[in-house]
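Work through these short exercises with the sequence and the 3D view open. Try each task before you read its solution.

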Amino acid sequence: MGIEVKVEGLTKSFGKQQIWQDVSLTLPAGEVSVMLGPSGTGKTVFLKSLIGLLKPERGRVLVDGVDMARSPERDIMEARKLFGLMFQDGALFGSMNLFDNIAFPLREHTKKKESEIRRIVMERIDVVGLLGAEGKLPGEISGGMRKRAGLARALVLDPQIILCDEPDSGLDPVRTAFISQLLIDLNTQIDATMLIVTHNLDIAATVPDNMGMLFRRNLVTFGPREVLLTSREPVVAQFLTASKAGPIGMSEEKDAATLAAEASGGGAVPVPRELVPQLQPSPGLGERAAVARRRARVLGMLDTLPASAAAAIRATYGSDALEPTAVLPRAGGAL
């Protein structure tokens, strides 16, 4: 099973520019989470902070007892082995074929024999649907294939935490749908904790167990997917409906005068999109282990959630949500 990631009071700046402040959340073990936000809100910076590549001014990130911001570098390097990172562009070496790209972490960080490396690499290539392409160079394949190769490389060290930075970037809607299904299937197969940074509303609506959003240097919300997807918070509703009315402008945010003008014009807060069912694993894979854990967790926090989110959860789980035995102690501060 994946490992819980606990973020406490994280604040990050570059010089005088504050990226975000006092971010606190918990990524539940083995579940899929998504972080949304307009361009320029520091989502990629957040991923790099989780893995300890960027150091925050305040706060900590706890992974298996290691603070990725403050622990000795030796401990941080060891904890990084728990992570797999999928970059926006795949970050493949252009002079290496896909096999050698995917094998690179094994050759760099382990002492495995080439026969064992080949077995692992070919298994991961099969998982992401690239069998037959292992001899091709990155420049000879499509963007979607490069992303899948990058995901295969993130998997070869058997990570318990997977971070995906805009896996849909540059892909058409059909390839994005394939990537979405692949991520759900992957979680089913290895039960890893996953955090996906994306702008894509279809991924946001159908893939995650949990969702968060960064805006105006703050974490707007983080919790079960139903909380964000039913929210009437102006910035959340605007983002999820792709509306021009609301706090988000061409720059990260609109000024007070623009917002006041919109309000005086009688502009209503956009109505959230209809809550659609979460993607299910492909036939033959069975149920995700995260499903039962999440059910117990969210039913245990029903009385702490907004009424609209609680109603959506009850509708999802039906009679289970009404049974007293289903309401368990709140776990891990994951809201």
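Three exercises follow, each with a solution in steps.

This is a predicted model, where local features need pLDDT of at least 70, side-chain atom pairs count only at pLDDT 80 or more, and totals for chains, interfaces and linings use all residues. Residues are numbered from 1 along each chain as its sequence is written, and side-chain values use heavy atoms, with hydrogens and water left out.

**Exercise 1. Take stock of the chain.**

Step 1: Count the elements. The chain has 12 helices and 10 strands. These are DSSP runs numbered from the N terminus: helices are H or I with at least four residues, strands are E with at least two.

Step 2: Check burial. Of the 335 residues, 51% are buried. Buried means under 20% relative accessible area with a 1.4 Å probe, protein chains only.

**Exercise 2. Trace the open sheet from edge to edge.**

Step 1: List the six strands. Their order is β6-β7-β8-β3-β9-β10, and the pairing is mixed. Two strands pair if DSSP finds at least two bridges between them.

Step 2: Find the edges. β6 (83–86) and β10 (218–224) each pair on one side only.

Step 3: Zoom in on one pair. β9 (residues 210–215) runs antiparallel to β10, with six bridges. Here Met213 stands opposite Thr221 in β10.

**Exercise 3. Place two helices on the strands.**

Step 1: Find α5 (residues 143–155). This helix lies across β6 and β7 (161–165), at about 170 degrees to β6. Angles run from 0 to 180 degrees between N-to-C directions, with axes fitted to C-alpha atoms, for helices over the stretch in contact (heavy atoms within 4.5 Å).

Step 2: Find α9 (residues 234–241). Helix α9 lies across β3 (32–36), β9 and β10, at about 110 degrees to β9.

Technical notes
Buried means under 20% relative accessible area, exposed over 50%, partly exposed in between (1.4 Å probe, protein chains only).
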